[in-house]
Amino acid sequence: MSSKKIAKTNAARLLERLEIPFTLHQADVDESDLSAVTMARKLGVDPGCVFKTLVARGDRTGVIMACIPAAAELNLKALATASGNKHVEMVHLKEVLPLTGYIRGGCSPLAAKKDYPVFLDEHAILWERIYISAGQRGVQLCLSPDDLCRATGATMAEIASNAD
């Protein structure tokens, strides 16, 4: 953990406006390994409580965000069902920044350019608090899953494979 002061992000400011309690955590970033599992290790927490945010596009709804445990894979069929789509695919990496305002490794379900529908994997309920990106590489927000749902309007659904 870095000893320097953590800069407040738009995601953190949004939580403050909503009066949702959270803590900010920072870890050094290795550009060659931006995985959520590595972030969990650097934070010294179980990878099951660190959730990565993925950006997808549905054939009916357009852009959607999915938050799943660090070591899990997104089940696109399950996300399609949960989001009311027939088909869902990941957006191309080059589209993530223009769509969300976030770069790879720093994508947050909070305070994106637009309020996209958010789907949170149901494994989140196993944890009192979960970590999500604060919108900047190496900076994580820790908050309760219920508070994340309240802040984003997220739908909880079984959307992750190999989450255990």
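Before you click on anything: buried here means under 20% relative accessible area, exposed means over 50%, and partly exposed is in between (1.4 Å probe, protein chains only). You're looking at a predicted model, where local features need pLDDT of at least 70 and side-chain atom pairs count only at pLDDT 80 or more, while totals for chains, interfaces and linings use all residues. Residues are numbered from 1 along each chain as its sequence is written, and side-chain values use heavy atoms, with hydrogens and water left out.

**Stop 1: E31 and R137**

Select E31, which counts as exposed because its relative accessibility is 54%. Now add R137: the two form a salt bridge, with the closest N and O atoms 2.5 Å apart (the criterion is a side-chain nitrogen of Lys or Arg within 4 Å of a carboxyl oxygen of Asp or Glu). This pair ties together distant parts of the chain, 106 residues apart: E31 sits in the loop between β1 (23-26) and α2 (36-43), R137 in the loop between β7 and β8. Helices (H or I, at least four residues) and strands (E, at least two) are DSSP runs, numbered from the N terminus. R137 has a relative accessible area of 23%, so it is partly exposed.

**Stop 2: the β7–β8 hairpin**

From R137, extend your selection to β7 (residues 130-136) and β8 (residues 139-143), antiparallel strands joined by five bridges; strands pair if DSSP finds at least two bridges between them. They make a hairpin with two residues between them, and G138 in the turn has a positive phi of about 85°. At the other end of the ladder, look at I130, which stands opposite L143 in β8. Is β7 enclosed or open? Five of its seven residues are buried, so β7 is largely enclosed by the rest of the structure.

**Stop 3: the largest nonpolar core**

Next, show L15, L110, L120, I132 and L141, which touch the most other members of the 32-residue largest nonpolar core. Such a core is a set of buried Ala, Val, Leu, Ile, Met, Phe, Trp, Tyr and Cys residues joined through side-chain atoms within 4.5 Å. Elements giving two or more residues to this core include β7, β8 and α1 (10-17), and α1 supplies the largest share, four residues. Center on L15: leaving aside residues up to four places away in sequence, L15 touches I20, F22, L110, L141, L143 and A151, where contact means heavy atoms within 4.5 Å. Apart from this core lies another one, of 13 residues, among them I64, I68, A80 and V88.

**Stop 4: helix α4**

Jump to α4 (residues 93-100) and color E95, V96, L99 and T100, which are buried. Look down the axis of α4: its buried residues line one face, because they fall within an arc of 115° (taken from the directions from the helix axis to the C-beta atoms). What do the buried residues of α4 pack against? They meet β2 (51-58) and β3 (62-69). Just after α4 comes G101, with a positive phi near 85°.

**Stop 5: two more salt bridges**

The structure holds four salt bridges. For another, select D147 and R150, whose closest N and O atoms are 3.5 Å apart. Both lie in helix α5 (residues 145-152), three residues apart, about one turn of the helix. D147 counts as buried because its relative accessibility is 15%, whereas R150, at 51%, counts as exposed.

Finish at K8 and E16, a salt bridge whose closest N and O atoms are 2.8 Å apart. K8 is partly exposed at 41% relative accessibility, and E16 is partly exposed at 39%.
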